[in-house]
Amino acid sequence: MRRLLIAANWLAPALFVAGACTGLFWAGLAAMASIHGFTLWASLVPSCHWWSAQSRRFRTEKKEVWLTLDDGPDPLTTRPALAALAQAGARATFFVIGEKAERHPDLVQAILDGGHQLANHTWTHPQWSFWIYPARWIERELTRTSALLEAATGNTPALFRSPAGMKSAALAPVLARLNLHLVHWSARGLDGRDTSVLRILNRVIQGLEPGAILLLHEGRPSLLETLPALLAEGTRRGFTFVLPEKKLLTN
């Protein structure tokens, strides 16, 4: 699908010119706009896999879910989150921003000491522009963060999550070169734009089912209440919060 979409984007201007030259201006314009619309959909809709394969669930026959926390480490939320996870006996993956991890090595070490996993979430988190970054910029963002995480853990990170779930034509080849697997989510709290603990919690709880990938964000005060409540409700329903093996991730 990726190659087809790239070819269509190259073809789009030709369709417009052909339409304009043959008296079918509006038809040519509509064709070009439709192709660009599909491109925007592929780039900006997190669940769309046209630009790159991604995992939004994992295979399990047990009542297991995977909790992921984006945008850390953060002085406001990392240590309280680790305390809540320890109290619940839960494990999580922290998709960290490289420049923040560099500023807070103590929090990176605390995550590791808690038995949790670190993963790549770019170096600067270019939330509004990642989908138009050229390949060399994407590779720079990912390589720098992976190098920092490798130095901290002794292992090359295997997982990546893009800012706000954005993707582009350039992303898949970069991920292949760096041996990174794109992981998104099946349920999220939308806590990046909603401060209501109840609404955030309800959105994630609705996605509690075996193999779900849950997403919350660090740096938001709501996490201090949302995370303990989610862990308590998940435990009450018989779920465990695990770190699935890469081979169990599904596309």
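1. Let me start with a single residue: T143 is found in helix 6. Please keep in mind throughout that this is a predicted model. T143 counts as partly exposed because its relative accessibility is 37%, which falls between the 20% limit for buried and the 50% limit for exposed. If you want a distance to check in your viewer, take T143 and W123: the C-alpha atoms lie 8.6 Å apart in space, while the two residues are 20 apart in sequence.

2. Helix 6 comes back when we turn to the second largest pocket. Helix 6 (135-153) and strand 4 (117-120) each give at least two residues to its lining. The lining consists of L112, H116, Q117, L118, L149, T153, N155, T156, P157, A158 and L159. By class, that is six nonpolar and five polar residues, with no charged ones. The space in this second largest pocket comes to about 210 Å³.

3. Now for the largest pocket, which holds about 400 Å³ of space. Strand 2 (64-72) and strand 8 (212-217) are the elements that supply two or more residues to its lining. There are 20 lining residues, and those nearest the centre of the pocket are Q127, A164, R188, G192 and R193. Charge does appear here: the lining divides into eight nonpolar, six polar and six charged residues.

4. A164, one of the residues nearest the centre of the largest pocket, deserves a look at its backbone. Its phi is near 55 degrees, a positive value in a residue other than glycine. A164 sits in the loop between strand 5 (159-160) and helix 7 (171-178). Is A164 buried or exposed, or does it fall in between? It is partly exposed, because its relative accessible area is 33%, and the class in between runs from 20% to 50%.

5. L190 is another residue to check on a backbone plot. Phi of L190 is also near 55 degrees, again a positive value in a residue other than glycine. This leucine belongs to the loop between strand 7 (187-188) and helix 8.

6. Still on the backbone, which peptide bond is cis, with omega near -5 degrees? The one from G72 to P73. P73 lies in the loop between strand 2 and helix 3. Both G72 and P73 are touched by K100, whose contacts beyond four places in sequence also include D71 and D74. K100 itself is found in helix 4 (residues 98-103). This lysine counts as buried because its relative accessible area is 15%, under the 20% limit. You may like to view K100 and the cis bond together.

7. Next, the interior. The largest nonpolar core has 34 residues, and those with the most contacts inside it are L67, F94, L214, L216, L227, L230 and L231. Many elements take part: strand 2, helix 3, strand 3 (92-96), helix 5 (105-113), helix 6, helix 8 (197-205), strand 8 and helix 9 each supply at least two residues of this core. A second, separate core has 12 residues, among them F130, I138, L171 and L175.

8. L227 links the core to the next topic. Setting aside neighbours within four places in sequence, L227 is in contact with L67, A81, A84 and L216. L227 also helps to line the largest cavity, together with T77, P80, A81, L223, L224 and P228. Which element gives the largest share of that lining? Helix 9 does, with four residues. Helix 3 (78-88) and helix 9 (223-236) each contribute at least two residues.

9. As for the cavity itself, a search of the whole structure turns up one of 30 Å³ or more. The volume of this largest cavity is about 40 Å³. Its lining has six nonpolar residues, one polar residue and no charged residues.

10. Finally, some totals for the chain. Its secondary structure comprises nine helices and 10 strands. Of the 251 residues, 47% are buried. Taking contacts between residues at least 6 apart in sequence, 74% join residues at least 24 apart. The accessible surface comes to about 12100 Å², and carbon and sulfur atoms account for 59% of that area.

Conventions: Residues are numbered from 1 along each chain as its sequence is written. This is a predicted model: local features need pLDDT of at least 70, side-chain atom pairs count only at pLDDT 80 or more; totals for chains, interfaces and linings use all residues. Side-chain values use heavy atoms; hydrogens and water are left out. On a 1 Å grid over the protein atoms alone, a cavity is a set of points where a 1.4 Å probe fits but cannot get out, and a pocket is an open set with protein on both sides within 12 Å along at least five of seven lines; lining residues have an atom within 4 Å of a point. Grid points are joined across faces, edges and corners, and a volume is the space filled by probe spheres set on the points. Ala, Val, Leu, Ile, Met, Phe, Trp, Tyr, Cys and Pro count as nonpolar, Asp, Glu, Lys and Arg as charged, and the others, Gly among them, as polar. A nonpolar core is a set of buried Ala, Val, Leu, Ile, Met, Phe, Trp, Tyr and Cys residues joined through side-chain atoms within 4.5 Å. Buried means under 20% relative accessible area, exposed over 50%, partly exposed in between (1.4 Å probe, protein chains only). Contact means heavy atoms within 4.5 Å. Accessible areas come from the Shrake-Rupley method with a 1.4 Å probe; for residues, only the protein chains shown count as cover.
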